[in-house]
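Please open the structure in your viewer and keep the sequence panel beside it. This tour will tell you what to select at each stop and what you can find there.

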Amino acid sequence: MALLEVKDLKVRVEEREILHGLTLTVNEGEVHAIMGPNGSGKSTLSHVIAGKPGYEVTDGQILFKGEDLLEMSPDERAAKGVFLAFQYPVEIPGVATMTFLRTALNAQRKARGESEYSTPDFLKKVREVSKSLNIPQDMLKRGVNVGFSGGEKKRNEVLQMALFEPSLCILDEMDSGLDIDALRIAADGVNALRSPKRAMVVITHYQRLLNYIVPDVVHVMSKGRVVKSGGKELALELEASGYAQFEDAA
Amino acid sequence: MPAVQETVERVKRIDVDQYRYGFETLIDSEKAPKGLSEEIVKFISQKKNEPAWMLQWRLEAYRRWLTMQEPTWARVDYPKIDFQDLYYYAAPKPKKTVTSLDEIDPEILKTYEKLGIPLREVAMLEGVEPKVGEDDPARRKIAVDAVFDSVSVATTFKAELKKAGVIFMPISEAIREHPELVQKYLGSVVPTSDNFYATLNSAVFSDGSFVYVPPGVRCPMELSTYFRINERNTGQFERTLIIADKGSYVSYLEGCTAPQRDENQLHAAVVELVAHDDAEIKYSTVQNWYPGNSEGKGGIYNFVTKRGDCRGDRSKISWTQVETGSAITWKYPSCILRGDNSSGEFYSIAISNGFQQVDSGTKMIHLGKNTSSRIISKGIAAGKSQNTYRGLVTAHRKATGARNFTACDSLLIGDKCGAHTVPYIEAKNSSATFEHEATTSKISEDVLFYCIQRGLSQEEAVGLVVNGFVKDVLQQLPMEFAVEAQKLISISLEGSVG
């Protein structure tokens, strides 16, 4: 069943069109990789799906579980199950990570009409997940991402993904700024969250990440459009031949 | 953070204007005629049954005030105040002497109940105390002095404090019952000639709290005064005097609210603290006077002089303030570090929204040897407000080894507000060590979006980020106040974004 349907999406930022009619369908349980050179519109797509301000959708639509996503506020989208793992997670000084996790999780649950987590249940859950991601408890007491290394920041994103249990995870350049070991830990965390009900969209420049998170479908974006789609072998092909061929195609 | 959730719930319950203390209490009150004259000063003194020396003191202040000019150096802008168009005394119609809460006008009690002030400790006042062993440590006792317009209407836990030797009573009563203490200390920190508003206060102050903690006594509970302006066109001029004798300790909390009115109301208080050798005073304020409506109409003019004198060696005075209210705030709680090795602290959160103007900060005056001071100021400006930190750190010739650390951080929300930092630093001897740090930042769209992407609403996100920004200062507040202050911060920023 289609979880996310992007249809002929056109998006402008300050009078300049970035996406020129992008179409993409992601089914439940699938992992899609979106590859492409800088400026091809990959991050714009992830921001528009999550509802970041500053983008103007001039045409097309985005359906999520059959509902019009563009009609929803960003926090409503989050409560519905859209999760964006940021390329550069922000720092929030003075707000303990644990506090942040709990506030966010309960806000989502409340929006869905579910009961809030009790403190012991919440703590238990956080401990379990953080342990599997190799996140020490004292990291959770520190301000959100404050003084975290690149790897810690990304693990913190995966931790949230695991806690909030979204149905769509968009990973924006998760490999940027990570060394191989950090990448492996983060990727293992992501792989553990693969499930028949959950879909993932993995945005990346490099094929390297896809060795760890193996996609079902690979899309190549160029100049604001998907120019080619294929299986995981497409990524390897790109690695060998580069993006230049598609720049001409677009 | 459940407090964040709760805040948002609360904010939603509040109508268009978010000030939730804006109601008026309908009670009979007795007022002096409008305007200010020697007659009015005499009238107030007479109402309070004051001894002759007190009246003389007031009259001298009044005469001096006539020669003084309103200060204009602060970064605040307001129409000229007509001091003859105000009432200087308003009191709920008296019911002779009040000995228990039963005799207080029920409307006033209801007011405090609505405000969430624990005068509800009616039972306590009447001597029904919790049984031994039933004491809930989470609900520490707080003794409250409630000031309604010009008079103190109730003071709780008086008897229990008396047992410890602590005097906590309305200053009007202290003038009659402890004249030797009042005469010795009143005006000894803020002289009657200090400044325009302090002098005015000295002439017409009607009530406030008086605290004396004897040598070696650790005050057994938090003391608190709750100020409420109710009457129209009435100025509130309260006077607080706190004395911590040698080796004693006291923590004092102050809260303020007022009804929503279209016209401006004047509040000109004076607070004096005296700490003797090895004594410590912790003074916390949560100021939430009515800030005016969203067009900038109405609100309290808050012109306050607060000063602490670390008179003894190794004494310590700590000011913590959370300022969210008032149309105009003009306030610089200060420390005179007279005793050797004494120390002063100032922790402040000043939030301005709408058309509020805040000019606040502190003065640390190092006179004694090896004195130290610490200033942590967090200013948050939203809406069309202006928020100024103004501070003075000075070390005298003889204050060898004086040390100060100052950190002023400002946070801007939106692009129509302003934050300003005006530090004055003076060292008159070469051994002083002064450090000053200042930052100004804008609440970033990326941070807000990150929070919102994780399911928080816009308001929750702002509340969370701001509470993080002020955390260092919130931690200085007594527990009960910290929770309340955290909620207050989010409420006062409602509607500040987008």
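Why is helix H1 (residues 42-50) of chain A largely enclosed by the rest of the structure? The model in front of you is a predicted one, and in it eight of the nine residues of H1(A) are buried, so the helix is largely enclosed by what surrounds it. Select A:Lys42, A:Thr44, A:Leu45, A:Ser46, A:His47, A:Val48, A:Ile49 and A:Ala50 to see the buried residues of this helix. Then add A:Gly51, which comes just after H1(A) and takes a positive phi of about 95 degrees.

**The sheet of chain A**

Stay in chain A and select strands S2, S1, S4 and S5, which in that order form an open sheet of four strands with antiparallel pairing. Its edge strands are S2 (16-27) and S5 (67-68), each of which pairs on one side only. Next, colour S1 (residues 2-13) and S4 (residues 56-64) of chain A, two antiparallel strands joined by seven bridges. To find one place where they face each other, select A:Val6 in the sheet and look across to S4(A), where A:Ile62 stands opposite.

Now select A:Glu5, which is found in strand S1 of chain A. Is A:Glu5 buried or exposed? A residue counts as buried when its relative accessible area is under 20%, and A:Glu5 is buried because its value is 19%. Show its surroundings as well: apart from residues up to four places away in sequence, A:Glu5 touches A:Leu24, A:Thr25, A:Gln61, A:Ile62 and A:Leu63.

**A nonpolar core**

Which residues touch the most other members of the largest nonpolar core? In this core of 115 residues they are A:Ile92 and B:Ile380. Centre the view on A:Ile92 and, leaving aside its neighbours within four places in sequence, pick out its contacts in chain A, which are A:Phe100, A:Gly143, A:Val144 and A:Val146, and then those in chain B, which are B:Val447, B:Tyr450, B:Cys451 and B:Val465. Apart from this core lies another, of 51 residues, and you can locate it by selecting some of its members, among them B:Leu36, B:Met68, B:Met169 and B:Leu200.

**Parallel strands in chain B**

Move on to chain B, whose secondary structure comes to 13 helices and 23 strands. Of its 498 residues, 62% count as buried. Among the contacts in chain B with a separation of 6 or more, 84% are between residues 24 or more positions apart.

Select strand S17 (residues 343-352) of chain B, where ten of the ten residues are buried. In a regular strand, side chains alternate between the two faces of the sheet. You can follow the two sides of S17(B) by colouring B:Ser343, B:Glu345, B:Tyr347, B:Ile349 and B:Ile351 one way and B:Gly344, B:Phe346, B:Ser348, B:Ala350 and B:Ser352 another, and both faces are covered.

Now add the partners of this strand. Strand S14 (residues 316-323) of chain B runs parallel to S17(B) and is joined to it by eight bridges, and here B:Ser318 has B:Glu345 as its bridge partner. Strand S19 (residues 372-381) of chain B also runs parallel to S17(B), with ten bridges between them, and here B:Gly344 stands opposite B:Ser373.

Select next B:Ser284, whose place is in strand S12 (residues 280-287) of chain B. This serine is buried, with a relative accessible area of 0%. Not counting residues up to four places away in sequence, B:Ser284 touches B:Tyr252, B:Leu253, B:Glu254, B:Thr320, B:Leu477, B:Pro478 and B:Phe481.

**Two packed helices**

For the last stop, select helices H3 (residues 52-66) and H9 (residues 196-204) of chain B, which pack at an angle of about 145 degrees with their axes 7 Å apart. H3(B) passes H9(B) in a left-handed crossing. Show B:Trp57, B:Arg58, B:Ala61, B:Tyr62, B:Arg64 and B:Trp65 in H3(B), which meet B:Phe196, B:Thr199, B:Leu200, B:Ser202, B:Ala203 and B:Val204 in H9(B). By class, this contact has eight nonpolar, two polar and two charged residues.

Finish with B:Ala198, which lies in helix H9 of chain B and counts as buried at 1% relative accessibility. Leaving aside its neighbours within four places in sequence, B:Ala198 is in contact with B:Val190, B:Arg239, B:Val270 and B:Thr305.

Methods. Residues are numbered from 1 along each chain as its sequence is written. Chains are lettered from A and ligands numbered from 1 in the order in which they are written. This is a predicted model: local features need pLDDT of at least 70, side-chain atom pairs count only at pLDDT 80 or more; totals for chains, interfaces and linings use all residues. Side-chain values use heavy atoms; hydrogens and water are left out. Buried means under 20% relative accessible area, exposed over 50%, partly exposed in between (1.4 Å probe, protein chains only). Two strands pair if DSSP finds at least two bridges between them. Axes are lines fitted to C-alpha atoms, for helices over the stretch in contact, and angles run from 0 to 180 degrees between N-to-C directions. A crossing is left-handed if the near helix is turned anticlockwise from the far one by less than a right angle, and right-handed if clockwise. Contact means heavy atoms within 4.5 Å. Ala, Val, Leu, Ile, Met, Phe, Trp, Tyr, Cys and Pro count as nonpolar, Asp, Glu, Lys and Arg as charged, and the others, Gly among them, as polar. A nonpolar core is a set of buried Ala, Val, Leu, Ile, Met, Phe, Trp, Tyr and Cys residues joined through side-chain atoms within 4.5 Å.
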